[in-house]
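I opened a fresh notebook page for this structure and went through it one element at a time. Here is what I looked up, in the order I did so.

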Amino acid sequence: MTTAVAAPFRFFSLRVVRTRRLGPSLVRVTFGGDDLHAFDSLGRDQSLSLFLPHPGQPEPVVPLDLGWGSPRSSEAENGGGWWQAWRELPDGVRAVMRSYTLRSFRRDPDELDIDFVLHTPAGPASGWASRATAGDRVLLLGPVIADNRAVRFRPPEDADLVVLWGDESAVPAATAILESLPAGARVRAWLEVPHAGDIQDVCTEADAEITWLVRHEGSPLAVDAVRAAQLPAAERPYVWIAGESGQVKALRRHFVQERGVDRRRITFVGYWRRGMTEEQLRVAE
């Protein structure tokens, strides 16, 4: 497999340019900012850390003047700095940090899209996204080098089949992946969403069969849907699974134990865990 470059990340001060409702459960927020001239990414499932203000705050509170480090690194690696100081701020002051994937990025003008899942009851990020208007300010911790360690979709060069599964939290990454694949690439994808109105048109040059699973219409559970499917014949498949941690683990087990896929050719990412906030999940990990 291709080895990722351990590239540096930096903060970007962004503002909301516009929002667009994609369906009952999804809203796309487009961000711009002078800092974006330094942003660079391969796209696909690029992971980002987004810092949001609390209601009533004009901008997110992050003590950047104390030096910077990555929230994915240990306190020893970042030497305290903003990360430790941010964690010690009062709950109602400290900026809300959430992990998202990049949906798309454009030049001239420099803009990036992040798709948010809307749910009830709304969490801090879902609530912010539902209220977002042009001019709202956020901070983004993102890459300055395109090939960076926060891009996880990395099929081996010899892959003769790409298999994807993602729930609504992973639909932005999965659709970005599908758009990035070249003509001739064979793909089998399952995308799970709450409502039929959340289904999106996906433009891809790949030879892709995409199945949308709509939970509120009684679609089968992820593992059941995948288990019942007959995959195209392949000697060297690559599997990408992302979304709710329990579903991701069950699907990985299925591909390894029931379909005999080499575990080294499976990328699996738990974006969230049922019954836990991101803060709780971060502590648990």
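**Entry 1: the strand β2 and its partners.** I began with β1 and β2, which pair in the antiparallel sense over seven bridges. This is a predicted model, so I keep in mind that local features need pLDDT of at least 70. Between β1 and β2 I found a hairpin, and two residues make the connection. I noted one facing pair here: G23 stands opposite L26 in β2.

Next I looked at what else β2 pairs with, and found β6, again antiparallel and again over seven bridges. On that side, V29 has I114 of β6 as its bridge partner.

How many residues of β2 are buried? I counted seven of its seven, so I wrote the strand down as mostly covered. I then sorted the residues by face: L26, R28, T30 and G32 sit on one side, while V27, V29 and F31 sit on the other, and all are buried.

**Entry 2: the strand β3.** I moved on to β3 and asked the matching question. Six of its six residues are buried, and I have it as mostly covered too. S47, S49 and F51 point one way from the strand, whereas L48, L50 and L52 point the other way.

Which strands does β3 pair with? I found β4, in the antiparallel sense over six bridges, and β7, antiparallel as well, with three bridges. For one landmark on each side, I marked S47 opposite T101 in β4 and S49 with its bridge partner L141 in β7.

**Entry 3: a serine in the loop.** Between β2 (26-32) and β3 (47-52) there is a loop, and I stopped in it at S41. Is S41 buried or exposed? Its relative accessible area is 15%, and because buried means under 20%, S41 counts as buried.

I then checked what the side chain of S41 meets. A polar atom of that side chain lies 2.9 Å from the backbone nitrogen of G43. The side chains of S41 and Q46 are joined by a polar contact of 2.7 Å. Leaving out residues up to four places away in sequence, S41 touches Q46, L102, P143 and A146.

**Entry 4: the nonpolar cores.** I reminded myself that, in soluble globular proteins, nonpolar side chains tend to be buried together. The largest nonpolar core here has 24 residues, and the ones that touch the most other members are F31, L112, I114, F116, W128 and L140. Elements giving two or more residues to this core are β1 (9-23), β2, β3, β4 (96-101), β6 (111-117), α3 (124-131) and β7 (137-143).

I picked W128 for a closer look. Not counting residues up to four places away in sequence, W128 touches V16, V29, F31, L52, P53, F116, D136 and V138. Apart from this core I found another, of 23 residues, and I177, V193, V214 and W240 are among them.

**Entry 5: salt bridges.** How many salt bridges does a search of the whole structure find? I got 19. I looked at a few of them one by one.

E192 forms a salt bridge with R215, and the closest N and O atoms are 3.0 Å apart. The pair links distant parts of the chain, 23 residues apart: E192 is in strand β9 (residues 186-193), and R215 is in the loop between β10 (207-214) and α5 (222-227). E192 is buried at a relative accessible area of 7%, whereas R215 is partly exposed at 33%.

R227 forms a salt bridge with D224, with the closest N and O atoms 3.5 Å apart. Why are these two separated by about one helical turn? They are three residues apart in helix α5, so that is the spacing between them. R227 is partly exposed at 40% relative accessibility, and D224 is partly exposed at 39%.

The side chains of R264 and D262 meet in a salt bridge of 2.8 Å, N to O. R264 counts as exposed at 64% relative accessibility, whereas D262 is partly exposed at 29%.

My last note of the day is a network of salt bridges that links R18, R106, E111 and D113.

Conventions. Residues numbered from 1 in each chain as written. Predicted model: local features only at pLDDT ≥ 70, side-chain atom pairs only at ≥ 80, totals over all residues. Heavy atoms only, no water. Helix = DSSP H or I, 4+ residues; strand = E, 2+ residues; numbered from the N terminus. Buried < 20%, exposed > 50% of the residue type's maximum accessible area, 1.4 Å probe, protein only. Polar contact = N/O pair within 3.5 Å; in protein donor to acceptor, adjacent residues only side chain to side chain. Contact = heavy atoms within 4.5 Å. Core = buried A, V, L, I, M, F, W, Y, C linked by side-chain atoms within 4.5 Å. Salt bridge = Lys/Arg side-chain N within 4 Å of Asp/Glu carboxyl O. Pairing = 2+ DSSP bridges.
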